[in-house]
Protein chains: 2
Amino acid sequence: MNEQNYPEFTGLELSPRKVDYIKFIFEKKGTVKTTDISSCLQVDPSTISKTLNELASTGYLNHVPYRGVDLTEMGKTYAEFLVRRHRILSLLFTHYGLSTEEACAEVSRFEAFVSKDAVNKICNSMGHPMVGVCGEINHDKCFHEEHYH
Amino acid sequence: MNEQNYPEFTGLELSPRKVDYIKFIFEKKGTVKTTDISSCLQVDPSTISKTLNELASTGYLNHVPYRGVDLTEMGKTYAEFLVRRHRILSLLFTHYGLSTEEACAEVSRFEAFVSKDAVNKICNSMGHPMVGVCGEINHDKCFHEEHYH
DNA sequence: TGATATATTTGGAGTCATACTAAATAGTTT
DNA sequence: AAACTATTTAGTATGACTCCAAATATATCA
């Protein structure tokens, strides 16, 4: 409803690998180089370069060739959702006998296929917990969406 | 530990589509024809045929060409896990504000990526509920695994 | 500055999962 | 046995992900 929040996304627009890349870039903050992602995620730089281009052309990243990438405003908003999704789902799983590491690993495998609607419902139902197993949970966008429509 | 239960699987061996096929065959009970799957899942018969062959050569199905398929013992065991996984996860999601249909649809999208270990832990933690949102939950294999190792 | 080293990108190719069409083959019905 | 239907095979395609090798840009150092 509010173009600042890009509420039109479903949460299913990015493939698993792209989710990883965006989350990585978000958590690094600032400009990120191809090599950073390549070495941390153990993927050939050429693969990173290609995917970064795709993410730039779909509006998630600003890409200055040979210089690096950073998130667009839309990319940041989306990344916030990705991180919140990961943390909410991981937290959920730790309530059912999985360790932090297990929950994290498990969720990493499937999170790309869980919709924003589902995450918001779970988040609501859990009472918008502030702390997840992999860091704090930010509910800004979550609240906006719940309150204004 | 017990060859009757094929406890060696992780739950991640089948791709999403193969999970759909095995679950469908399991729920139909008995011999299933290519056309049954084709018309219900809205996929070209040639695609079904190919995938059925793969599932047969990896030991999940008996395939009599031009006649149909049925589950092997291993296939049945695996299918029971697939159904249990689907129901446990769907039930879980309904505890967090999702309707039966929403939970089912959501889980269908990602269930192939949730490990047997995770499912067993969740199952344990929920107290082995007997009824899920899409039918009864069978805990035979689940109990065996928990008790004997 | 210019040569060299490093980082990044591009081009080409491959795998896996999924799916289709068209043609061949088997089974069934009359 | 002819005709109809079901199934399979062969060939092709796309999307996601990957790599290697070569080209290009940037950075460093002498």
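What follows is a walk through a predicted model, from the interface of chain A and chain B to DNA strand C and DNA strand D. Some housekeeping: because the model is predicted, local features need pLDDT of at least 70 and side-chain atom pairs count only at pLDDT 80 or more, while totals for chains, interfaces and linings use all residues. Residues are numbered from 1 along each chain as its sequence is written, chains are lettered from A and ligands numbered from 1 in the order in which they are written, and side-chain values use heavy atoms, with hydrogens and water left out.

Let's start where the two protein chains meet. Here 20 residues of chain A are in contact with 20 residues of chain B, contact being heavy atoms within 4.5 Å. The two chains bury about 1800 Å² between them, with 66% of it on carbon and sulfur atoms; buried area is the accessible area (1.4 Å probe) that two parts lose on being put together, summed over both. On the chain A side, Tyr96(A), Phe113(A) and Lys121(A) lose the most area to chain B, together 34% of what that side buries.

There's some polar chemistry here too. The rule finds two salt bridges across this interface, each a side-chain nitrogen of Lys or Arg within 4 Å of a carboxyl oxygen of Asp or Glu. Lys121(B) forms a salt bridge with Glu102(A), and the closest N and O atoms are 2.6 Å apart. Seven residue pairs are in polar contact across the interface, both residues at pLDDT 80 or more. (A polar contact is a pair of N or O atoms within 3.5 Å; within protein, one must be able to donate a hydrogen and the other to accept it, and residues adjacent in sequence count only if both atoms are side-chain atoms.) The elements of chain A that give two or more residues to this side are helix 4 (73-94), helix 5 (100-110) and helix 6 (116-125). Helices are DSSP runs (H or I, at least four residues), numbered from the N terminus.

Now for the DNA. Around DNA strand C there are 22 residues, and the closest are Thr35(A), Lys50(A), His63(A), Ser15(B) and Asp44(B); a residue is near a strand if one of its heavy atoms lies within 4 Å of it. Of the strand C atoms within 4 Å of the protein, 67% belong to sugar or phosphate and the rest to bases. Lys50(A) puts a polar side-chain atom 2.5 Å from a base oxygen of strand C. His63(A) has a side-chain N or O atom 2.5 Å from a phosphate oxygen of strand C, and Ser15(B) has a side-chain N or O atom 2.5 Å from a phosphate oxygen of strand C. Helix 3 of chain A gives the most to this surface, with five residues.

On to DNA strand D. Of the 23 residues around strand D, Ser15(A), Ser46(A), Thr35(B), Lys50(B) and His63(B) come nearest. Sugar or phosphate accounts for 71% of the strand D atoms within 4 Å of the protein, and bases for the rest. A side-chain N or O atom of Ser46(A) is 2.6 Å from a base nitrogen of strand D. A polar side-chain atom of Thr47(A) lies 3.3 Å from a phosphate oxygen of strand D, and an N or O atom in the side chain of Ser49(B) is 3.0 Å from a phosphate oxygen of strand D. Helix 3 of chain B gives the most to the surface near strand D, with five residues.
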